[in-house]
Amino acid sequence: MSSKLNLLLENRFLGHKQAVYDLQLDGFGGWYSAGSEGWIVHWQGGTESNGVLIAQTGEPIYCIYVLGNKSEYILAGGQSGMVYAFRRIVKSSPTNLERIQLNTLTSEDLLSSESNSTGNPDFKLNSANEINENLKFEKMWEHKIHDKGVFDFFEISTHLFLNNKPDQKSIVSCSADGSVALWDLENPVKHQKKSSSIPGSLRCIDANSNLGNCIRVGGHLGKIFEWEILGSSWEDVEWTLKQEFNVGKNTIFQMVHHQNGYAFGGRDAKIMLRRLS
């Protein structure tokens, strides 16, 4: 006998103007969303339904990724193959004078038009009509790493085989151009190595600790590709395609590693459980 899931709608979160492509937890009880209009929005969670626009890219964002010891970095993958990196600005508490100046502004003053002076859309304040001064982000850089849309990111530890410091952050990304790329968060222009492209789109990445310096990427026509990253420095990094796994006939959009293998979700509306060896 089949059972049904009862879905309880607790709240509706409004803010985006177009399709929402990705959601990521912020590490503090809230989350970020990214959409087709190129916005990254922060939500406090719970019953607070007012979002805060924190960044714009000017193109559709297919994926976002939150990283850092204090979740202080956000990566955004664009439709064009561009990657955008943002860093949270930590500000000190406002002085008494700044508090007075803030308190002289009413919520009506701040929400009187469709856009504010920075061109941001009309996002409401929280229920206490407060401005969250700690939630400010600056763009670190934007760089075209892939030739087509970027679909996923994964942070990996490369200090064991590259001449990196243990706290140096290395990222793997995959794209609709059929390639994967390894790059350094602080300097992706100098420290970057892209693989050769394979036919079809690559959608999702797994780099769990059991794989060592290998990653697995799900993509076109139900295939999983396993790449090995070789090299002792950024100058001699090489991608080696070790093996392919066929787990279906449809594009794999998501893959999750767990103790019994992998769970895959794809275009065929099915979730499959498989072991890869």
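Student: In this predicted model, is Glu-138 buried, exposed or partly exposed?
Tutor: The relative accessible area of Glu-138 is 35%. Buried needs under 20%, and exposed needs over 50%. Glu-138 therefore counts as partly exposed.

Student: Which side chain meets Glu-138 in a salt bridge?
Tutor: A salt bridge needs a nitrogen of Lys or Arg within 4 Å of a carboxyl oxygen. Here the N to O distance is 3.5 Å. The partner of Glu-138 is Arg-87.

Student: How many residues apart are Glu-138 and Arg-87?
Tutor: Glu-138 sits in strand E8, residues 136–144. Arg-87 sits in strand E7, residues 82–89. The pair links distant parts of the chain, and the separation is 51 residues.

Student: What relative accessibility does Arg-87 have?
Tutor: Arg-87 counts as partly exposed. Its relative accessibility is 28%.

Student: Which parts of the chain does the salt bridge of Asp-147 and Lys-194 tie together?
Tutor: The two side chains meet at 3.4 Å, N to O. Asp-147 is exposed, at 55% relative accessible area. Lys-194 is partly exposed, at 27%. The parts tied together, 47 residues apart in sequence, are the loop between E8 and strand E9 and strand E12.

Student: Is Lys-169, the salt-bridge partner of Glu-155, buried or exposed?
Tutor: Glu-155 and Lys-169 meet at 3.8 Å, N to O. Glu-155 lies in strand E9 and Lys-169 in the loop between E9 and strand E10, so the pair ties together parts 14 residues apart in sequence. Glu-155 is partly exposed at 29%. Lys-169 has a relative accessible area of 16%, which makes it buried.

Student: Which residues are joined into one network by salt bridges that share partners?
Tutor: The count of salt bridges comes to 7. Some of them share partners. The network joins Asp-147, Asp-177 and Lys-194.

Student: What is the nearest side chain of opposite charge to Asp-184?
Tutor: Asp-184 is found in strand E11, residues 180–184. Asp-184 is buried yet has no salt bridge. The nearest opposite charge is 9.2 Å away, and a salt bridge needs 4 Å or less. That side chain is Lys-190.

Student: Which backbone nitrogen does the side chain of Asp-184 reach?
Tutor: Leaving aside neighbours within four places in sequence, Asp-184 is in contact with Gln-168, Lys-169, His-191 and Trp-234. Its side chain also reaches a backbone nitrogen at 2.9 Å. That nitrogen belongs to Asn-187.

Student: How many residues of strand E3 are buried?
Tutor: E3 covers residues 39–43 and is mostly covered. Trp-39, Val-41 and Trp-43 point one way, while Ile-40 and His-42 point the other way. Both sets are buried. The count is 5 of 5.

Student: Which residue in the hairpin of E2 and E3 takes a positive phi?
Tutor: E2, residues 31–35, runs antiparallel to E3, with 4 bridges. Ala-34 stands opposite Ile-40. The hairpin has 3 residues between the strands. The residue with a positive phi, near 90°, is Gly-38.

Student: In E4, what is the bridge partner of His-42?
Tutor: E3 also pairs with strand E4, residues 52–56. The pairing is antiparallel, over 4 bridges. The partner of His-42 is Val-52.

Student: How many residues lie between E17 and E18 in their hairpin?
Tutor: E17 (residues 252–258) and E18 (residues 261–266) run antiparallel, joined by 6 bridges. Val-256 has Ala-263 in E18 as its bridge partner. The number of residues between the strands is 2.

Technical notes. Residues numbered from 1 in each chain as written. Predicted model: local features only at pLDDT ≥ 70, side-chain atom pairs only at ≥ 80, totals over all residues. Heavy atoms only, no water. Buried < 20%, exposed > 50% of the residue type's maximum accessible area, 1.4 Å probe, protein only. Lys, Arg positive; Asp, Glu negative; His and termini not counted. Polar contact = N/O pair within 3.5 Å; in protein donor to acceptor, adjacent residues only side chain to side chain. Contact = heavy atoms within 4.5 Å. Pairing = 2+ DSSP bridges.
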